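Trainee: I've got a model open and I'd like to learn how to read it. Can you walk me through a few features?

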Amino acid sequence: MGLDQLIQDCQKNSIRAQEQLYKLLAPKMFAACLKYSRNRADAEDNLQDGFLLIFNKIGQFQFKGSFEGWAKRVMINNVLQRYRTEGIFELVSENTPDIEDVEIESDNISMDYLLGIIQQLPDRYRMVFNLYVIDGYSHKEIAEMLSITDGTSKSNLARARMILKEKIEAQQGNSIPSAK
């Protein structure tokens with residue numbers, strides 16, 4: 001069965017089709033949820049809630065563009081809405097500190113470590129960092145998605161980068177062998 005047929009069956013509320021679509025997309029959607037969630041348990045909850053929303057809104061999919069992209073956008077917006085209702089995107093100073101690029105010695109930093117420190121960022125910084133750096137949204141798009149200003153988006157990104165830079169530098173400093 002092709003993806004288009006699977007989607008059409010889901011639009012007709014076929015539980016079997018929904019199960020197949022879930023199995024097909026869950027790993028990628030979970031990765032998206034993990035980027036925007038505080039921890040693995042929240043990501044699992046967000047995945048389940050997101051799929052319920054996808055199945056409820058699947059009738060809105062017009063078969064234009066990538067279904068996976070459409071589903072990912074629904075999933076991310078679901079996670080962001082959850083955090084918006086918790087008020088984590090309160091307005092902060094829009095003064096954007098100057099920050100230099102972070103130099104990473106890839107031999108000393110593992111991908112698991114990088115993902116771990118990104119997930120440790122405060123919610124508003126993690127959301128903006130992932131939306132801008134990982135998913136390629138503009139500050140204008142982020143501002144609209146999170147109901148904040150462009151300046152707040154830029155400020156949150158700069159602060160996220162500063163925190164990550166400090167953690168990376170501390171980790172790189174700890175991995176340098178001491179002189180005897």
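Mentor: Sure, and keep in mind that this is a predicted model. Let's start with polar contacts: a polar contact is a pair of N or O atoms within 3.5 Å, and within protein one must be able to donate a hydrogen and the other to accept it.

Trainee: Which atoms make such a contact at the start of α4?

Mentor: A side-chain oxygen of S66 comes to within 3.2 Å of the backbone nitrogen of E68.

Trainee: How do I check the length of that helix?

Mentor: Take 1.5 Å times one less than its number of residues. Helix α4 covers residues 67-85, so its 19 residues should span 27 Å, and the end C-alpha atoms are indeed 27 Å apart.

Trainee: What do the buried residues of α4 pack against?

Mentor: Their partners are α1 (3-11), α2, α3 (40-57), α6 and α7 (139-146). Among the buried residues are F67, W70, M75 and Y83.

Trainee: Is Y113 buried or partly exposed?

Mentor: Buried means under 20% relative accessible area. Y113 has 26%, so it counts as partly exposed. Y113 sits in helix α5 and touches K167, I168 and Q171. A polar atom of the Y113 side chain lies 3.0 Å from the backbone oxygen of K167.

Trainee: And how do I find empty space?

Mentor: Rolling a probe the size of a water molecule over the atoms shows where space is left. Here, the second largest pocket has a volume of about 160 Å³. Helices α2 (15-36), α5 (111-120) and α6 (123-134) each give two or more residues to its lining, which has five nonpolar, two polar and two charged residues.

Definitions and conventions. Residues numbered from 1 in each chain as written. Predicted model: local features only at pLDDT ≥ 70, side-chain atom pairs only at ≥ 80, totals over all residues. Heavy atoms only, no water. 1 Å grid on protein atoms, 1.4 Å probe; cavity = no way out; pocket = protein on both sides within 12 Å on 5 of 7 lines; lining within 4 Å. Points joined across faces, edges and corners; volume = space filled by probe spheres on them. Helix = DSSP H or I, 4+ residues; strand = E, 2+ residues; numbered from the N terminus. Nonpolar A, V, L, I, M, F, W, Y, C, P; charged D, E, K, R; others polar. Buried < 20%, exposed > 50% of the residue type's maximum accessible area, 1.4 Å probe, protein only. Contact = heavy atoms within 4.5 Å. Lists of a residue's contacts leave out its neighbours within four places in sequence.
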